[in-house]
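Subject: Structure handover

Hello,

Here is the structure for you to look through. My notes on what was found follow below it.

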Amino acid sequence: MHALAYAQANSHKFLDELIEFLSIPSVSTQPEHKPDIQRAAAWLRDKLLLSGFPRAEVMPTQGHPIVYAEWLDAGPDAPTILIYGHYDVQPPDPLELWDTPPFEPTIVGNDIVARGAADDKGQLYIHVKAVEALKETSGSLPVNVKCLFEGEEECGSPNLAPFIQEHSALLTADVAVVSDTHILGPDTPSIVYALRGMCYVEVEVTGPDHDLHSGIYGGAVHNPINALCQMIAQLHDENGRVTIPGFYDTVRDLSPEERAELAKIPFQREEWLQETGAPTDWGDPAYTIIERTTARPTLDANGMWGGYIQPGVKTVLPSKAYAKLSMRLVPDQQQDEIAQLIREYLVSIAPPTVTVEVHYLHGGSGAIVHRDSPAMQAAFHAYTAGFGRAPIFVRAGGSIPVVAMFQKFLDIETILLGFGLPDDRLHSPNEKFHLPNFHKGIETVIHFMTDLGTRTSTD
Ligand code: BES
Ligand code: MN
Ligand code: MN
């Protein structure tokens, strides 16, 4: 196929462009990076235009802008795909743990190291370059393509649902495609068919109404940090199960068939432990590690603070203690209901010596997609052609809230066409993207679009 040859011949150019993209510190959660976010959005729009999209624009939202592009010349009989990706990145902190600066992309062996390399700029850009290869070689596309690239994914997509609802006519498509997950290994492609949802809360515990000298009052006034620790310690039982009443009530059970399938996924416990650096695994012994990390709900403290945390000694009995708690949800758990359950439970177990407030920060639904759609078949064949091996179906433990939004507001399913690797160090220092996957990803997307274009219906 000419497009594949074009992609191979232009691999250096594609990489140079990716390096430019990765050099823009588009950290969505930090206000001082707002100009960088805008620069990244404008850069992406310009590259979409240069790559052949006749329409590409930066569309404002209440928060960071959305980059929208379309090329609809395949005609009304051809399927339309809606490609989603995010051009924002996580903060690079802690900076001192990076071997090379996070926004100075560095090639190390077969990897490109930079914040956002795999999550999600490298994966997003695969689609832009696949379209360019098709355009430059055949002058047209096998499918109609729309792109929706957001700049707020890493801070919970607060403006995405209203945007999709408001522009539902513009975004009409037969199927969505998202490259923001990973495959099992460089030579083991896989297709994610389920994602977990999220319920994120912040807990504020108040003891005395101002900080006290711990020598004068300690022993008779309950320390809110101690109280918060006792409360958090009660959120799991000795088997690692969440103790919040009702937490598991709506969890969809795994069928014996699905458990048997998940058990076939290649998994080496020792390698997995090495990847984590943890001394041993933890969690509900009734489920395997793969099940615990992808198909079962969790509760984790993501941060805790209060009192004195600067160098040296300060004997304070603080007034406040805080924790950020996140819960990964599985179908059919509802984030609003779970937020209510944890609020009631924390209030009920709070000792009378403190008061507790629970603030709901973010929620998103999990999703499961059908595995037998024409688009899924096209994805299956595309991975097989791009990686020389048939993909395995897996579930993923992370969250991509847009998948449930597409189901709810546009009534379309999403194909999770991921090209990352499990050890890409997403959200961590030294994030990387495996360059062979960047190039194979472009080839896989060319196969996907070409294959899907030959199928008549996409539902
Ligand atoms: N790309 C990730 C999600 C992901 C990673 C899914 C690997 C499956 C496998 C995404 O950018 C992300 O980090 N999502 C956040 C959502 C949160 C900020 C609301 C997550 O999962 O924590
Ligand atoms: Mn991502
Ligand atoms: Mn992420």
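In the second largest pocket, helix α13 (402-410) gives the largest share of the lining, 4 residues; helices (H or I, at least four residues) and strands (E, at least two) are DSSP runs numbered from the N terminus. A pocket here is an open set of points on a 1 Å grid over the protein atoms alone, where a 1.4 Å probe fits, with protein on both sides within 12 Å along at least five of seven lines; lining residues have an atom within 4 Å of a point.

This is a predicted model: local features need pLDDT of at least 70 and side-chain atom pairs pLDDT 80 or more, while totals for chains, interfaces and linings use all residues. Residues are numbered from 1 along each chain as its sequence is written, chains are lettered from A and ligands numbered from 1 in the order written, and side-chain values use heavy atoms, without hydrogens and water.

On the aromatic side, Y383 and F387 form a tilted pair, 6.0 Å centre to centre with 45° between the planes (ring centres of Phe, Tyr or Trp, its six-membered ring, within 6.5 Å; stacked under 30 degrees, edge-to-face over 60, tilted for the rest). Because they are 4 residues apart in helix α12 (residues 374-387), about one helical turn separates Y383 and F387. F387 also pairs with F419, stacked at 6.3 Å and 10°. That pair joins distant parts of the chain, 32 residues apart, with F419 in the loop between β17 (414-416) and β18 (432-434). Both F387 and F419 are buried (under 20% relative accessible area, against over 50% for exposed and in between for partly exposed; 1.4 Å probe, protein chains only).

Regards
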